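Hi everyone, thanks for coming. Let me put the structure up, and then we can walk through a few places together.

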Amino acid sequence: MSADAAAQHATALNRATLPDLAIPVPGYDRDLLRVGIVHIGVGGFHRAHQAMYLDRLFAAGHDRDWALCGVGVLDADRAMGEVLHRQDELYTLVEKHADGSREPRVIGSMVEYLVAPDDPEAVLARMTDPDVRIVSLTVTEGGYHVNTATGEFDPSEASVAHDLARPLDAEPTSAFGYLVEALRRRRAEGNRPFTVMSCDNIAGNGDVAHRMITAFARRRDETLGTDLADWIEREVPFPNSMVDRITPRTTDDDRAELAQRFGVDDGWPVVCEPFCQWVLEDRFVSGRPAFDEAGVQVVADVEPYELMKLRLLNASHQALAYLGYLAGFRYAHEVASDDEFVRFVRGYMDDEATPTLLPVPGVDLDEYKSTLVERFANPEIRDTLARLAAESSDRIPPWLVPVIRENLENGREGGHGGIERSALIVAAWARYAEGVDEAGDPIEVVDTGRAEERTAAARRYPDEPLAFLEDRSLFGDLIDDDRFTQAYRRHLDRLHAEGARAALRAVLDGA
């Protein structure tokens, strides 16, 4: 049955129909909630993560003045806005267990959703409301405008360039534009700033947000003759966090299943794995929700946890994505159920990533790594390798390149550990970026702003076997290190001559 057909026999989700639903719904009075957090970038991950934690708090009777106002800054966010308005900002979160069971629940922690291009002043009014004490972000790795070669602020993106040059009476268009304008207004009105809480999947996400947003504000100061950046430096906290939950893109099949199995017609549900983790630095200017009461690990130092997650989970995802896709798989669970691929990924975790980690308080790393493999192999999530392989230029440099560099610096390049598996992952990215798989079928390379460039560089093989490594904004000086380039060339040659599985077996065999 199609999603549309199933929906005809289901109950449309909105506040009036909550009593009619046969799944868990908010037991708290949403009329008593007050907006305390504005969140920019309301994708599936945010709704499966931060919004879920807040829903837990409200259900337990805590902190009801910390409800969410979601903000979409892109024209493409309008479609979600229309659905959420129709559903009174309610949506269904469905946890998919490996045994095929489902745990759906309706999340009620978001009480408002604003589409910035439709009403910029409404967004700014909400962000300058003194009751709003946190502005949180999930704007993807590329949304922080970091020049990966220099680590400095990159002002070239069109909406950012517009906001840097705009006069005060013009409307902002970017997330940074809204953040800095709202902070400017709060300062002018004598109100305290809000905390900027990044929930994006990047190392030191709060520190990165701090540096990039302050750099943006400093550029604005040059245009306007103001000193806002100095005030932001002094007054605005940017806590770091580590976030983790596999949240694949919702499909029409997911909507149809929700309608058929549970009788709920939801235009924009979210599906996710059961596992969820959030480690958050306790640094806020005007208080915070009692996140720890909802299962968040509130700590003084996030770095050990984020390195663990980025270098074990995220980099392993990249290994599965390129090699698995080239070998003919299309879903993460398929690759993670293949013994040879599991041995390869676990070897990367044990021999190459783990030596680069800091001690992680309260975590058994062996158990964590075993749990990762189990999570990857969950057949119900159906996370596509194409999704995992997307935006590689934003992912490989912060997740895998530091592992390679640190192992080279510490002389750990030889044997079964060191850099062999990492070099194969990079070579597999290059082979994948050529845009044709081993069966001769086209690959859609998704890498915003870099796809054509990466594909062009990859296709210079075999005449220029190191062409893919020439971009120092991605790989730094790895191209100058013979230990890495020799391993990379050996793996890339084998990928072309024998295929992904043969290349993987050669590493497993120590060849």
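Here is a starter: which side chain has a polar atom 2.9 Å from the backbone nitrogen of threonine 251? The answer is aspartate 254. A polar contact here is a pair of N or O atoms within 3.5 Å, where one must be able to donate a hydrogen and the other to accept it, and residues adjacent in sequence count only if both atoms are side-chain atoms.

A quick note on the source: this is a predicted model, where local features need pLDDT of at least 70, side-chain atom pairs count only at pLDDT 80 or more, and totals for chains, interfaces and linings use all residues. Residues are numbered from 1 along each chain as its sequence is written, and side-chain values use heavy atoms, with hydrogens and water left out.

Back to aspartate 254: with 9% relative accessibility, this residue counts as buried, meaning under 20% relative accessible area with a 1.4 Å probe, protein chains only.

Now for the aromatic rings. Rings of Phe, Tyr and Trp (its six-membered ring) pair if their centres lie within 6.5 Å; planes under 30 degrees apart are stacked, over 60 edge-to-face, and the rest tilted. That rule gives 14 aromatic pairs. In one tilted pair, tyrosine 322 and tyrosine 432 are 5.7 Å apart centre to centre, with 55° between the planes. Tyrosine 322 and tyrosine 432 are both buried. Tryptophan 429 and phenylalanine 475 make another tilted pair, at 5.7 Å and 50°, and both of these are buried too. Finally, Tyr322, Tyr432, Trp429 and Phe475 are among the members of one aromatic cluster.

Terms used
Buried means under 20% relative accessible area, exposed over 50%, partly exposed in between (1.4 Å probe, protein chains only).
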